[in-house]
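Ready for some practice in reading a protein model? Keep the sequence and the 3D view open, and try each task before you look at its solution.

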Amino acid sequence: STMPPLLSAIANAGRHGVLAKSAVVMERLSQIDAVALDKTGTLTEGTPRVTDIRPAPGSGLSENTLLALAAAAEHPSEHPLARAIVDAARERGLTLADATDFTSTPGVGVSATVDGHAIQVGSPARRTAGAEADPLVQELQEQGRTAVLVLRDGTPAGVLGISDRLRPDAKATVRALTALTGRAPVLLTGDNERAARDLAAEVGITDVRAGLLPQDKVATVQAWQNEGLRVMVVGDGVNDAPALAAAHTGIAMGKAGSDLALETADAVVVRDELAAIPAVVNLSRRARRLVI
Ligand code: ADP
Ligand code: MG
């Protein structure tokens, strides 16, 4: 064709299901020497399911009441864990009370007023679980679950166990990215270390940074870039947006990705296939050779 190579590379990327926002992005993709992957919604399918419902001893709550409280508070949230909790409540036919005063903190969780109670749902690492809930959190995390703590008026109401499946092409993608950059991708996650390590091991990732807040993801990426590595970050969440912006190249997972991630990223995986990413890096390198 008569198209300039970088433009035809954009068109080819589109055929692979990756929307690059400019020709510069194709050039940047060709330069990357390290990859950082988010866990939930990126390496995993992003459709997690509630597997365990554990009211805190002494809370007096039933499984259904605990789940309904958490689901009411999570209802306004677009986070994959929030959707899992709301779906589990719906499957049990539970009625959700209206939530007011909803606030959401990326990498931490949500809070809202439900039935006159202050409900907080989120990471046990960011809030003290207390003696009633600590053993429940530990037990679930040892099973590789994401443990989500529910507090009612500041007191543990219980813990939910949630798990998500790896994407079917996660392992092949990690292998391809390792071959392209000469180093295995790193996993960045706000989730607990144990759940992250179990999953990472299944795809051949050993460098796992867990319990990260959005700004910690940025700091990790910046530290590598200060060492001269050009980092590609792949993520889907609001919590990933700052790291996507800081990266040499930021890629967002399009299907379930948050609006903020899609806006911030340099390129978007529009079909729900992780394997499109190494394919497009490959393509960008070939296009670059044609330009030079
Ligand atoms: P990841 O980096 O794996 O995509 P996030 O940074 O989005 O994960 O979340 C990190 C942790 O914060 C979760 O594992 C969870 O414990 C907690 N969290 C964040 N948002 C929510 C939410 N809406 N409901 C419950 N927990 C949440
Ligand atoms: Mg995510």
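The exercises below concern this predicted model.

**Exercise 1.** Decide whether Ala118 is buried, partly exposed or exposed.

*Solution.* Start by finding Ala118 in strand S6, which spans residues 117-122. Next, count its surroundings: 15 other C-beta atoms lie within 10 Å. A buried residue needs 20 or more, and an exposed one has 12 or fewer. Ala118 is therefore partly exposed.

**Exercise 2.** Work out which residues Ala118 touches beyond four places away in sequence.

*Solution.* The contacts are Ser111, Thr113, Asp153 and Gly154. Now take Gly154: it is 36 residues from Ala118 along the chain, yet their C-alpha atoms are separated by 7.4 Å.

**Exercise 3.** Trace the open sheet of seven strands and find its edges.

*Solution.* Follow the order S1-S13-S12-S11-S2-S9-S10, where the pairing is mixed. At the edges you meet S1 (18-20) and S10 (208-209); each has a single partner strand, so one side of each is left without a neighbour in the sheet. Then look inside the sheet: S2 (residues 34-38) and S11 (residues 231-235) run parallel and are joined by four bridges. Here Val35 stands opposite Met232 in S11.

**Exercise 4.** Describe the shell around ligand 1 and explain where the ligand lies.

*Solution.* First, the shell has 23 residues, the closest being Thr40, His79, Ser123, Thr189 and Gly190. Second, sort them by class: six are nonpolar, 13 polar and four charged. Third, look for the top contributor: helix H3 gives the most, with three residues. Finally, domain 1 (5-45 + 165-291) and domain 2 (49-163) both give residues to this shell, so ligand 1 lies between them.

Key
Residues are numbered from 1 along each chain as its sequence is written. Chains are lettered from A and ligands numbered from 1 in the order in which they are written. This is a predicted model: local features need pLDDT of at least 70, side-chain atom pairs count only at pLDDT 80 or more; totals for chains, interfaces and linings use all residues. Helices (H or I, at least four residues) and strands (E, at least two) are DSSP runs, numbered from the N terminus. Two residues are in contact if their C-beta atoms, placed from the backbone, lie within 7 Å. Two strands pair if DSSP finds at least two bridges between them. A residue is near a molecule or strand if its C-beta atom, placed from the backbone, lies within 6 Å of it. Ala, Val, Leu, Ile, Met, Phe, Trp, Tyr, Cys and Pro count as nonpolar, Asp, Glu, Lys and Arg as charged, and the others, Gly among them, as polar. Domain bounds come from an automatic or database domain assignment.
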